[in-house]
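This report takes a slow walk through one protein chain, from its fold to its inner spaces and its charged pairs. Please keep the sequence and the three-dimensional view side by side as you read.

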Amino acid sequence: MTPPPCTRRMPASASTTPRTWCGRPRTSSCSSATWTSSGAASRRGRRTFANTLKYILTTTSANLGNMMSMAAASLFLPFLPLLPGQILLNNFLSDIPAVGLAGDSVDPELVDRPRRWDMRLIGRFMVAFGLLSSCFDLLTFGVLLGLFQAGPALFRTGWFIESLLTELLIALVVRTRRPFLRSRPGTLLLVSTAAVTVFTFLIPWLPFAGALGFVRPPVTLLVAVAVITVLYVVAAERAKGPFFRGQD
């Protein structure tokens, strides 16, 4: 077994047995400091792994849900559900809070031991929560077309808001396996999510809204979209418990 670097500067009389590698008693803290540093690095690695997994679960399920919703909408809509510029804006805004996931707080039970990539878990989560997201998209379609008789511009505005809101808030739900109100997210994630949420409701009233194909929706439509979003969060929270139960 090779002694640690701290023995290189020891006098020849220093013991090199495993119990006295660090030399005289006054240098005995060398070994404990090494273990402390190694433990801190291990915890940082586990935290990074947990936050990376949060991003993957959130993004893959949201993308699959949006893809299925777009495919379903194309079967009965005579127009594009969203314009290319609106899709790009949606992706850009949803990625802003995602930056906060890198430094998000992590529940202790997610870093108590080493974990491995589980592609089956990621695949099952993507399908289950992607389908859940798509179901609420279809509910939004029905509300927009049935209750508000929405034309192309109003339909796109309403679905853009609902799609972005659900993608923002689902990250707060799936970032923890606890009830999401009992696990405080990191400051950057929380603040950026709140800011983008407020901005989402303001987009139809901004000067460039018309150039992107948005129109000013009635307040009742915004209320309906907000209610659908809350129902989606509740459904995702209720589905999360049974899904993760037994995964560990």
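A good place to begin is P97, which sits in helix 2. The structure shown here is a predicted model, and every value below was computed from it. At 4% relative accessibility P97 counts as buried, because the word buried is kept for residues under 20% relative accessible area. P97 also shows how the chain folds back on itself, since 74 residues separate P97 from A171 in sequence, while their C-alpha atoms are 8.9 Å apart in space.

**The overall fold**

The secondary structure of the chain consists of 6 helices and 0 strands, and when it is read along the sequence the pattern is α-α-α-α-α-α. The chain has 248 residues, of which 41% count as buried.

**Two enclosed spaces**

How many cavities of 30 Å³ or more does a search of the whole structure find? The search gives 2 of them, and the table sets out their volumes together with the make-up of their linings.

| Cavity | Volume | Nonpolar lining | Polar lining | Charged lining |
|---|---|---|---|---|
| Largest cavity | about 140 Å³ | 7 residues | 1 residue | 4 residues |
| Second largest cavity | about 80 Å³ | 4 residues | 5 residues | 2 residues |

The lining of the largest cavity is made by F49, A50, L53, K54, L57, L110, R115, V174, R175, T176, R177 and F244. Helix 1, which covers residues 29-73, gives the most to this lining, with 5 residues. Two of the names in the lining, K54 and R175, will return below, when the charged pairs are described.

Around the second largest cavity stand S61, A62, N66, F129, S133, D137, S163, T166, E167, I170 and Y232. The elements that give two or more residues to this lining are helix 1, helix 3 (119-147) and helix 4 (152-174). Among these elements, helix 4 provides the largest share, 4 residues.

**Charged pairs**

Side chains of opposite charge can pair when their charged atoms come close. A search of the whole structure finds 3 salt bridges, and two of them involve D104.

In one of these pairs, the side chain of D104 meets that of K54, with a distance of 2.7 Å from N to O. Why does this pair tie together parts that are apart in sequence? D104 lies in the loop between helix 2 (84-100) and helix 3, whereas K54 belongs to helix 1, so the pair ties together parts that are 50 residues apart in sequence. Both D104 and K54 are buried.

D104 also forms a salt bridge with R175, at 2.6 Å from N to O. This pair links distant parts of the chain, with D104 in the loop between helix 2 and helix 3 and R175 in the loop between helix 4 and helix 5 (187-202), 71 residues apart. R175 is buried, as is D104.

The remaining salt bridge joins E237 and K240, whose closest N and O atoms are 3.1 Å apart. E237 and K240 both lie in helix 6, 3 residues apart, which is about one turn of the helix. Like the residues of the other pairs, E237 and K240 are buried. Through shared partners, salt bridges join K54, D104 and R175 into one network.

**At the surface**

The description so far has dealt with inner parts, and two features on the outside complete it. V219, V223, V227 and L231 make a nonpolar surface patch of about 360 Å². V219 is located in helix 6, which runs over residues 219-244. Is V219 buried or exposed? V219 is exposed, because its relative accessible area is 61% and the word exposed applies to values over 50%.

The other feature is found at Q149, in the loop between helix 3 and helix 4. Phi of Q149 is near 50°, and this is a positive value in a residue other than glycine. With 62% relative accessibility, Q149 counts as exposed, in contrast to P97 in helix 2, which counts as buried at 4%.

Notes. Residues are numbered from 1 along each chain as its sequence is written. This is a predicted model: local features need pLDDT of at least 70, side-chain atom pairs count only at pLDDT 80 or more; totals for chains, interfaces and linings use all residues. Side-chain values use heavy atoms; hydrogens and water are left out. On a 1 Å grid over the protein atoms alone, a cavity is a set of points where a 1.4 Å probe fits but cannot get out, and a pocket is an open set with protein on both sides within 12 Å along at least five of seven lines; lining residues have an atom within 4 Å of a point. Grid points are joined across faces, edges and corners, and a volume is the space filled by probe spheres set on the points. Ala, Val, Leu, Ile, Met, Phe, Trp, Tyr, Cys and Pro count as nonpolar, Asp, Glu, Lys and Arg as charged, and the others, Gly among them, as polar. Patches are made of residues with over 30% relative accessible area and no salt bridge: like charges are joined within 9 Å, nonpolar side chains (Val, Leu, Ile, Met, Phe, Trp, Tyr) within 5 Å. Accessible areas come from the Shrake-Rupley method with a 1.4 Å probe; for residues, only the protein chains shown count as cover. A salt bridge is a side-chain nitrogen of Lys or Arg within 4 Å of a carboxyl oxygen of Asp or Glu. Buried means under 20% relative accessible area, exposed over 50%, partly exposed in between (1.4 Å probe, protein chains only).
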